[in-house]
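Please take a moment to look over the sequence and the model before reading on. The paragraphs below lead through it step by step, from strands to helices to single residues.

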Amino acid sequence: MTTSSVLLSEIAQQPDVLDRLLREAAGDVEAIAAALKPKGIHHVIIAARGSSDNAARYGQYVLGAYNRLTVTLATPSLFTRYQRPPRMDGALVVGISQSGASPDLVAVVEEGRRQGCPTLAVTNVAGSPLTTMADHTILLRAGQERSIAATKTYTSQLMALAMLSAALGEDEQRWRELRDVPGQVAATAATDEAAIVAAASVLKDAGHGVVIGRGFNYATAFEISLKAKELAYVAVEPYSAADFQHGPIALIESGFAAIVINVAGAVSQEVESLLREMAARGARPVVMSNIESSLSLGAATIRLPAGVPEWVSPIAAVVPGQLLAFHLSRLRGFDPDQPRGLQKVTLTT
């Protein structure tokens, strides 16, 4: 049995956090969507750092696929260091931040407002500088996140973006699918600990490797990579299944470490094809999937819930990755509640 941990307790809180966000913020999000629709928005610029930047990658897919919006990630140094902000005509400018405090993110939203763009803050802290600067705010309602590594604020950021997409599209079917997500997250959070530990054991001595995802779960690959780095100090680099084939595939040799996320959907066949090639070359992949043929290719496997719509799957799929990073940290002799060199709020300019 795993001993007590602040990080572990906050991972376990995620189903309740997501349920509360859905219940309490749906009206706010629909009001924001109604206010944005007359603005003639045709693209979105998102400023974020760390885990929030990975949530922004999910935003590129969900707002692109369902709302036909071009979504770009801001380059904050253009606003702060070079003082050469790009023109943002016709954009919704969004800041995503757990704390809402980082000056560079606030500067992007401030410039968007100066240029006459509608602005939105997605944050866990009411009254933060980001909320003060933005026209609209989606509060995550995650409660205080004491762990340095973001877990419940990350999944609630994904949920907030999914809610915004559904509201902008006036899509009741997708709202119904969102209401199933807390239960799906609860199912992944209850993944057999022995399976997670077995997967961590495969990666324990790796030192380096890759995390593969594609489509909506491209963001999941980035977030799991970040968690492995900041908690277990294992340098697994994130790639899409497509990008990995354009050069980095040459890294694969016997014993090569990889985490592969493959959720049934539009890109799953291609991800499985890459997974087969990796296994044939002697890699020892940890496979996170709800597809039996993909699971059969893993040196260790973590089963994801079946029947989850691909567009919301990153909210549930990342949770076993959080648990994997936790146990990998413990197996390597580290304390996941006290990652070295990190602090909860990082203020960059």
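How many bridges join strand β6 to β7? In this predicted model, strand β6, which covers residues 208-213, is joined to β7 by six bridges, and the two strands run parallel. Within this pairing, V210 has E237 of β7 standing opposite. Strand β6, helix α11 (residues 218-232) and β7 together make a right-handed β-α-β unit, and this unit is a good starting point for what follows.

Strand β7 itself, residues 235-240, shows an alternation of its side chains: V236, P238 and S240 point to one face and are buried, whereas A235, E237 and Y239 point to the other face and are not. To see what this looks like for a single residue, consider A235, whose place is in strand β7. A235 has a relative accessible area of 33% and is therefore partly exposed, since buried would require a value under 20% and exposed a value over 50%. The C-alpha atom of A235 is separated by 4.5 Å from that of H208, although the two residues are 27 residues apart along the chain. Leaving aside residues up to four places away in sequence, A235 touches G207, H208, G209 and K229.

The next step is to place these strands in their sheet. Strands β7, β6, β8, β9 and β10 form, in that order, an open sheet of five strands with parallel pairing. Strands β7 and β10 (300-303) stand at the edges of this sheet and have a single partner strand each, so that one side of each is left without a neighbour in the sheet. On average, and ignoring direction, neighbouring strands of this sheet are turned by 15° against each other. Strand β6 also pairs with β8 (residues 257-262), in the parallel sense and over three bridges, and here I212 stands opposite V260 in β8.

Helices lie across this sheet. Helix α11 lies across β6, β7, β8 and β9 and runs at about 175° to β7, while helix α10, residues 193-203, lies across β8, β9 (284-289) and β10 and runs at about 140° to β10. Helix α11 has 15 residues and reaches 21 Å from its first C-alpha to its last, which is close to the 21 Å expected at 1.5 Å a residue. Of these 15 residues 13 are buried, and the helix is thus mostly covered. Following α11 comes Y233, with a positive phi near 60°.

Helix α11 also has a helical partner. Two packed helices are described by the angle between their axes and the distance between the axes. The axes of α3 (residues 50-67) and α11 come within 8 Å and cross at roughly 170°. The two helices are therefore roughly antiparallel to each other, because angles over 145 degrees are counted in that way. Where they meet, G50, S51, N54, R57, Y58 and Y61 in α3 face Y218, A219, F222, E223, L226 and K227 in α11.

A second sheet can be read in a similar manner. Five strands form an open sheet in the order β2-β1-β3-β4-β5, and the pairing is again parallel. Here β2 (70-73) and β5 are at the edges with a single partner strand each, so one side of each has no neighbour in the sheet. The twist from one strand to the next averages 20°. Strands β4 and β5 pair over four bridges in the parallel sense, with T123 opposite L139 in β5.

This sheet, too, has helices lying across its strands. Helix α2, residues 14-36, lies across β3, β4 and β5 and runs at about 160° to β5, and helix α5 lies across β1, β3 and β4 and runs at about 160° to β3. Helix α5 (residues 103-114) has buried residues that include L105, V106 and V109, and the buried residues of this helix pack against β1, α4, β3, β4 and α6.

Finally, some backbone angles deserve attention. Most residues other than glycine have a negative phi. R141, which is not a glycine, nevertheless has a positive phi near 60°; R141 is found in the loop between β5 and α7 and, at 23% relative accessibility, counts as partly exposed. E170 is not a glycine either, yet has a positive phi of about 50°; E170 lies in the loop between α7 and α8 and, at 63% relative accessibility, counts as exposed.

Technical notes
Residues numbered from 1 in each chain as written. Predicted model: local features only at pLDDT ≥ 70, side-chain atom pairs only at ≥ 80, totals over all residues. Heavy atoms only, no water. Buried < 20%, exposed > 50% of the residue type's maximum accessible area, 1.4 Å probe, protein only. Pairing = 2+ DSSP bridges. Right-handed = clockwise from strand over helix to strand, strands pointing away. Contact = heavy atoms within 4.5 Å. Axes fitted to C-alpha atoms, helices over the stretch in contact; angles between N-to-C directions. Parallel < 35°, antiparallel > 145°, perpendicular 65-115°, else oblique. Expected span 1.5 Å × (residues − 1).
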